Amino acid sequence: FARYLFDQWDVGRNTCQNADDKYGILIFVSIEDQVCYITTSFGLARVLPWWRLEHVISGMDSRMSDYGDAIVEAINTIESYLELGPPTFPERTSDFMQRYGYVVMFAFLAIAITVWGEAQEKHRRIWLIEEGTKLSKADKVIAQMRQKEYGINSCPICL
């Protein structure tokens with residue numbers, strides 16, 4: 001319903017304004033359902049992305065018993081966001097980490113464990129190959145006896 005009102009009232013689509021400067025905000029509060037919806041025109045989408053609006057709504061949730069104060073607080077918060085301008089990189093990064101930090105940490109941990117396991121497997125395979133090419137003590141004694149028997153003074157590789 002709020003989106004319908006936004007479109008019907010042409011919020012942010014005043015024909016007197018420049019085509020690039022179409023700014024409008026609709027704050028819809030359903031008192032009976034205790035629900036708040038905030039939408040903006042495309043001109044404000046850069047300054048008020050969805051996650052900033054979500055912060056405004058979450059700030060209103062704590063004051064929903066007094067709707068007047070909640071709406072005034074929302075307007076003040078939106079005004080401060082408008083004065084700040086578009087979100088900075090640190091602000092976007094902070095919001096991303098608050099939302100998805102656990103997922104990023106889990107993915108990083110899973111990748112680290114996988115890489116560690118692959119490295120361990122590689123070292124184990126190299127060790128098995130090296131162990132498989134070593135002579136046992138009995139074979140070593142036999143090889144030394146044959147060296148003496150045939151009068152070989154150097155290793156077979158160096159010949």
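Residues are classed as buried when their relative accessible area is under 20%, as exposed when it is over 50%, and as partly exposed in between. This criterion is applied below to the charged pairs of the structure, which is a predicted model.

In total, 6 salt bridges are found in the structure. In one of them, the side chains of Arg52 and Glu91 meet with an N to O distance of 2.7 Å. This contact links distant parts of the chain, since Arg52 belongs to helix H2 (residues 50-61) and Glu91 to helix H4 (residues 89-133), with the two positions 39 residues apart in sequence numbering. The two partners fall into separate accessibility classes: Arg52 has a relative accessibility of 0% and therefore counts as buried, whereas Glu91, with a relative accessible area of 23%, is partly exposed.

A further salt bridge is formed by Arg99 and Glu54, whose closest N and O atoms are 2.7 Å apart. Here too the pair links distant parts of the chain, with Arg99 in helix H4 and Glu54 in helix H2, 45 residues apart. Arg99 counts as partly exposed at 28% relative accessibility, and Glu54 is likewise partly exposed, at 38%.

Helix H4 also contains a pair in which both partners lie within the helix: Glu121 and Arg125 are 4 residues apart, about one turn of the helix. The closest N and O atoms of this salt bridge are separated by 3.7 Å, which satisfies the cut-off of 4 Å. Glu121 has a relative accessible area of 30% and is therefore partly exposed; Arg125, at 42% relative accessibility, is also partly exposed. Beyond individual pairs, Glu54, Asp95 and Arg99 are joined into one network by salt bridges that share partners.

Attention now turns to the nonpolar residues. In soluble globular proteins, nonpolar side chains tend to be buried together. The largest nonpolar core of the model comprises 12 residues, namely Cys36, Ile38, Val47, Leu48, Leu53, Val56, Ile57, Met60, Ala70, Ala74, Ile78 and Tyr81. Strand S2 (35-40), helix H2 and helix H3 (67-84) are the elements that give two or more residues to this core. Helix H2 thus appears in both parts of the description: this helix contributes to the largest nonpolar core, and its residue Arg52 is linked to Glu91 of helix H4, while Glu54 of helix H2 is linked to Arg99 of helix H4.

Technical notes:
Residues are numbered from 1 along each chain as its sequence is written. This is a predicted model: local features need pLDDT of at least 70, side-chain atom pairs count only at pLDDT 80 or more; totals for chains, interfaces and linings use all residues. Side-chain values use heavy atoms; hydrogens and water are left out. Buried means under 20% relative accessible area, exposed over 50%, partly exposed in between (1.4 Å probe, protein chains only). A nonpolar core is a set of buried Ala, Val, Leu, Ile, Met, Phe, Trp, Tyr and Cys residues joined through side-chain atoms within 4.5 Å.
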